[in-house]
Every structure is written in structure tokens, then in C-alpha cells.
Amino acid sequence: MEFDESVIVKRIDNLKLITAAEPEHFMTLHCLQCNTVLADSFGVCGELKCIDSVMCIRVTNDVVVSDAIESVHKGEMANCICSHLKCRLCNCVLGKVVHAAPSHLAAIRSIFLLNKAKMSCYILDSISMVKASSLSFDMKPLQETVHEARQELEERLDLMAPTCSRLADMSLSSQSST
């Protein structure tokens, strides 16, 4: 894994991420202890419920990846090698980034795992601050997202067809008059 400041720029497995950017989901994630902005909803790529964490592909520069590497021997993250994520301002441990994991946890390698209990969320649409633990960060399945995008494109194409036809007719009539 490679980091450019606090953004993952390369993953070994080239995970493709699609985030549903709907206005009611625009939010910023904050450190619960000092209110520092840690990430936003555009960087969120899911939720890992077994360890109560939000999965992020991108975080702010105020999230620091610890130099110390830890080997986990128990629980859901058994046999993982990870580093702690800390808030730059208050030094609070916010979560983990997994460097190596068994195959059943391959999807979380190189993803920032921010503990929901350590965060609050500012929801832009409702102008309110809520605890991250009260929200769900589940993402739509990729197939459903692709189907919706295809349907929207087909609808737009249908709306454009009469205009394209008129432009073609105008082009033909202007060529025949010259």
C-alpha cells in the first residue's frame, strides 16, 4: 500500500469504490474528543460492523498513521497486522489501518477503519451533529448502482433523441440548399 499524505494512492488488489453521493448523505466525520474533521462522506466506502468501524479510502491530514505496527491475535481481526490511526490534535486513537490480513479480510487491507464510538458526524443537509454510532454507513451493492446509472443514461438518451434528429434534419436541409 502507498500513501500520499493521508490518501491511499495504490492498493495491491485495486479495489474499485463507488460512493452514492446523494445530498442527504453529505457529512463530515469529526473526532469526538476535539471536533477535528477526520474525513467526509465522499471518502466513506462502507462499514465493518464486526468491529464497529467506518471504512474510508480517504481521510484528512489530521488523521495520523502510527509508525508502530501491531499484530492482532484475538477477535475479528485475528492474524492481522495493523497500525493505529490517531488524531493529530488530541492524539486520541481513532481506529486502525490494516497492512496484512487473512484472505477473508482482504477487502479491508489498506483501508482506514475509523471507530464509530470515537467520532461524531456533521450532517450538512440537516445542519446537525450526531454520534457516528447512531448512523449506518452501508453502501449499495455495485450491481444496483450500475443498474441505476444505466437506467438514468437511457432516459437521458431518450430525451436527447428528438433533438439529435432535428439537428440532423437541419444539417441535411442546409447542405441541400447550398
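Here are four short exercises, each with a worked solution, on the predicted model shown above.

**Exercise 1. The chain as a whole**

Work out how many helices and strands the protein chain has, and in what pattern they follow each other.

*Solution.* Start with the count: the protein chain holds 13 strands and one helix. Next, read along the sequence, where the pattern is β-β-β-β-β-β-β-β-β-β-β-β-β-α. The helix therefore stands at the end of that pattern, after the strands.

**Exercise 2. Burial, surface and contacts**

Find what share of the residues is buried, what share of the accessible surface belongs to carbon and sulfur atoms, and what share of the contacts joins residues 24 or more positions apart.

*Solution.* Take burial to begin with: the chain has 178 residues, and 30% of them count as buried. Then turn to the surface, which comes to about 11,000 Å². Carbon and sulfur atoms hold 56% of that accessible area. Lastly, look at the contacts with a separation of 6 or more: 50% of these are between residues 24 or more positions apart.

**Exercise 3. An aromatic pair**

Count the aromatic pairs, then classify the geometry of Phe26 and Phe42 and say which parts of the chain they tie together.

*Solution.* The count comes to one aromatic pair. The ring centres of Phe26 and Phe42 are 5.2 Å apart, and their planes meet at 40°. Stacked needs planes under 30 degrees apart and edge-to-face needs over 60, so this pair is tilted. Now place the two residues. Phe26 sits in the loop between β2 (7-10) and β3 (27-31), while Phe42 sits in the loop between β4 (37-40) and β5 (44-48). The pair therefore ties together parts that are 16 residues apart in sequence. As a last step, check accessibility: Phe26 has 26% relative accessibility and is partly exposed. Phe42 is partly exposed too, with a relative accessible area of 42%.

**Exercise 4. Two asparagines with positive phi**

Locate Asn79 and Asn91, give the phi of each, and decide whether each is buried or exposed.

*Solution.* A reminder helps here: most residues other than glycine have a negative phi. Asn79 is not a glycine, yet its phi is positive, at about 70°. Asn79 lies in the loop between β8 (70-72) and β9 (80-87). With 59% relative accessibility, Asn79 is over the 50% cut-off and so counts as exposed.

Repeat the steps for Asn91. Its phi is also positive, at about 65°, although Asn91 is not a glycine. Asn91 belongs to the loop between β9 and β10 (93-100). At 52% relative accessibility, Asn91 counts as exposed.

Notes:
Residues numbered from 1 in each chain as written. Predicted model: local features only at pLDDT ≥ 70, side-chain atom pairs only at ≥ 80, totals over all residues. Heavy atoms only, no water. Helix = DSSP H or I, 4+ residues; strand = E, 2+ residues; numbered from the N terminus. Buried < 20%, exposed > 50% of the residue type's maximum accessible area, 1.4 Å probe, protein only. Contact = heavy atoms within 4.5 Å. Areas by Shrake-Rupley, 256 points an atom, 1.4 Å probe, with all protein chains shown as cover. Phe/Tyr/Trp six-rings, centres within 6.5 Å; stacked < 30°, edge-to-face > 60°.
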